[in-house]
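Welcome, and thanks for taking a look at this one. Please open the sequence and the structure side by side before reading on.

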Amino acid sequence: MAAVAPPTDGARRSVTLRIRRSNPAAGQGPSYSEFTVGAEPWTTVLDAILEAKRGHDHSVGVRYSCRQATCGSCGMMVNGRPRLACFTKLSELGDGAVTVEPMQNFPVVRDLVVGFDRLFRSHHSIRPYIVSGEADIAPGTRETPQSPEEVERYIQFAGCIKCGLCNSACPTMATDTQFIGPQSLAQAYRYVADTRDRGKDERLRIIDDSHGIWRCHYAGSCSKVCPKGVDPAMGIQLLKGHMLGFR
Amino acid sequence: MRESLIIRIHYATALAAVALVAVHVLIRVTQGFAESLEYESVVANYRFLPYAGLLEIILILLSVHGFNGLRVILLELRQGRRYERAVTLACVAAAVAVIAYGSRTIILMNMGAV
């Protein structure tokens, strides 16, 4: 069967892609490489980076996997704003050059690849799973029913793909190297709000730290950049309500 | 002390300070601002026990709130166990010192030492 060529309306254009390059382990400081890549209306930033790798310089370091905003691997600064490269079309970025840089508030591994150790450590620390003695399925037991209203309390927070964009946008993350971060706090709320969970007290104790939830300034930038529509800032405020005894 | 308790104190001191400083400002305005700052008027205010008490409470509220705010700012600037302990102790000591010195002034004025 012949491959079907994608429709084109003649809108193909050339875009200048500026990629920040660095390799801290090899002592190579930051510099910018410029590539001219072709762009259709549907071309994403990740497509453009991969075209630059394929046609110009295969040594460009970039992490990606699913290409459909599901795996959370390709977070980066696109024109100064944290975005998923696979979820950002060049056509929505205007006519100028497109600058891609590694995410802020993360250590750079190489070029656009950053280390996620801190995010995963923080995420792990809040026990991101249902804590319940009745969780195991055994003969004679059944699943725990929840009403639509009970699901509604946490379901948007379950959409987190751990891409790290919220942590990259957070101003507190930039100054406080021990701040737990909006991603982990939103996930703490996700489980605290789940009626099946029994780990609320322990989670609240974990985030009640001098670098925990109270260091959030409520800038709200985490919610603005989330590609999955999660609202970490709201989750953090609701969590504060739990901690102050209002909920 | 857990951070949530510190924050409760922080919020409570802020709310209480807003209310009491409003009373303080209203008294100044009703008396006439320039007139209220004359020497005899200031001394009279300190010697009026309820007003001296109001000033003492405002002093405590603002010192606790202000120095905890400073502590939080400093904790965000740098991290480290020793640094954080030093910042916390220094802020507590500074708050105690300001409250002690301010209280001394209020008490001496109230007792007619000036």
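The report below walks through a predicted model, going from the domains of chain A to its strands and cores, and then to chain B.

## Two domains in chain A

Let us begin with the overall division of chain A. The domain assignment splits chain A into domain 1 (13-114) and domain 2 (117-129 + 147-243). Taken over C-alpha atoms, the centres of domain 1 and domain 2 of chain A are 27 Å apart.

How many residues of each domain take part in the contact between them? Domain 1 of chain A brings 14 residues, which are in contact with 13 residues of domain 2 of chain A. On the side of domain 1 that touches domain 2, strand β4 (residues 81-84) of chain A gives the most, with four residues. That side of domain 1 of chain A is made up of seven nonpolar, five polar and two charged residues.

## Strand β1 and its partners

Strand β1 (residues 13-23) of chain A is a good place to linger. Ten bridges join β1(A) to strand β2 (residues 28-39) of chain A, and the pairing is antiparallel. The two strands β1(A) and β2(A) make a hairpin with four residues between them. In the turn of this hairpin, A:Gly27 has a positive phi of about 75 degrees.

β1(A) also pairs with strand β5 (residues 98-101) of chain A, here in the parallel sense and over three bridges. Which residues show both pairings? A:Ile19 has A:Ser33 as its bridge partner in β2(A), and A:Val100 as its bridge partner in β5(A). Elsewhere along the hairpin, A:Thr16 has A:Thr36 of β2(A) as its bridge partner.

## The nonpolar cores

Now for the interior. The largest nonpolar core has 59 residues, and those touching the most other members are A:Leu17, A:Val45, A:Ala48, A:Ile49, A:Ala85, A:Val100 and A:Leu185. Helix α6 (residues 182-192) of chain A supplies the largest share of this core, six residues. Why does the core lie between two domains? Domain 1 and domain 2 of chain A both give residues to this core, so it lies between them. As a general background, nonpolar side chains tend to be buried together in soluble globular proteins.

A:Leu185 is worth a closer look. Leaving out residues up to four places away in sequence, A:Leu185 touches A:Ile180, A:Ile207, A:Ile213, A:Cys216, A:Pro232, A:Gly235, A:Ile236 and A:Leu239. Another core, of eight residues, lies apart from the largest one, and its members include B:Leu61, B:Leu62, B:Val64 and B:Ala95.

## Two loop residues in chain A

Where does A:Pro139 sit? A:Pro139 is in the loop between α2 (117-125) and α3 (148-152) of chain A. With 4 other C-beta atoms within 10 Å, A:Pro139 is exposed. The C-alpha atoms of A:Pro139 and A:Arg13 are 62 Å apart, with their positions 126 residues apart along the chain.

A:Gly159 belongs to the loop between α3 and α4 (165-169) of chain A. A:Gly159 is partly exposed, with 13 other C-beta atoms within 10 Å. Beyond its neighbours within four places in sequence, A:Gly159 is in contact with A:Lys228, A:Gly229 and A:Val230. The C-alpha atom of A:Gly159 is 10 Å from that of A:Cys226, although these two residues are 67 residues apart along the chain.

## Chain B: a helical chain

What elements does chain B contain? There are five helices and zero strands in chain B, and from the N terminus the order is α-α-α-α-α. The radius of gyration of chain B is 17 Å, well over the 13 Å that the globule rule gives for 114 residues, so chain B is more spread out than a compact globule. Along the principal axes, the C-alpha atoms of chain B fill a box of roughly 50 × 25 × 20 Å.

Buried residues account for 12% of the 114 residues in chain B. Among the contacts in chain B with a separation of 6 or more, 78% involve residues 24 or more positions apart.

## Where the chains meet

Finally, the two chains come together. Ten residues from chain B and 13 residues from chain A take part in the contact. On the side of chain B that touches chain A, α1 (3-31) and α4 (49-77) of chain B each supply at least two residues. The largest share of that side, four residues, comes from α1(B). By class, the residues on this side of chain B are three nonpolar, two polar and five charged.

Technical notes. Residues are numbered from 1 along each chain as its sequence is written. Chains are lettered from A and ligands numbered from 1 in the order in which they are written. This is a predicted model: local features need pLDDT of at least 70, side-chain atom pairs count only at pLDDT 80 or more; totals for chains, interfaces and linings use all residues. Two residues are in contact if their C-beta atoms, placed from the backbone, lie within 7 Å. Ala, Val, Leu, Ile, Met, Phe, Trp, Tyr, Cys and Pro count as nonpolar, Asp, Glu, Lys and Arg as charged, and the others, Gly among them, as polar. Two strands pair if DSSP finds at least two bridges between them. A nonpolar core is a set of buried Ala, Val, Leu, Ile, Met, Phe, Trp, Tyr and Cys residues joined through C-beta atoms within 7 Å. A residue is buried if 20 or more other C-beta atoms lie within 10 Å of its own, exposed if 12 or fewer, and partly exposed in between; C-beta atoms are placed from the backbone. Domain bounds come from an automatic or database domain assignment. The radius of gyration is taken over C-alpha atoms; the globule rule is 2.2 Å times the number of residues to the power 0.38.
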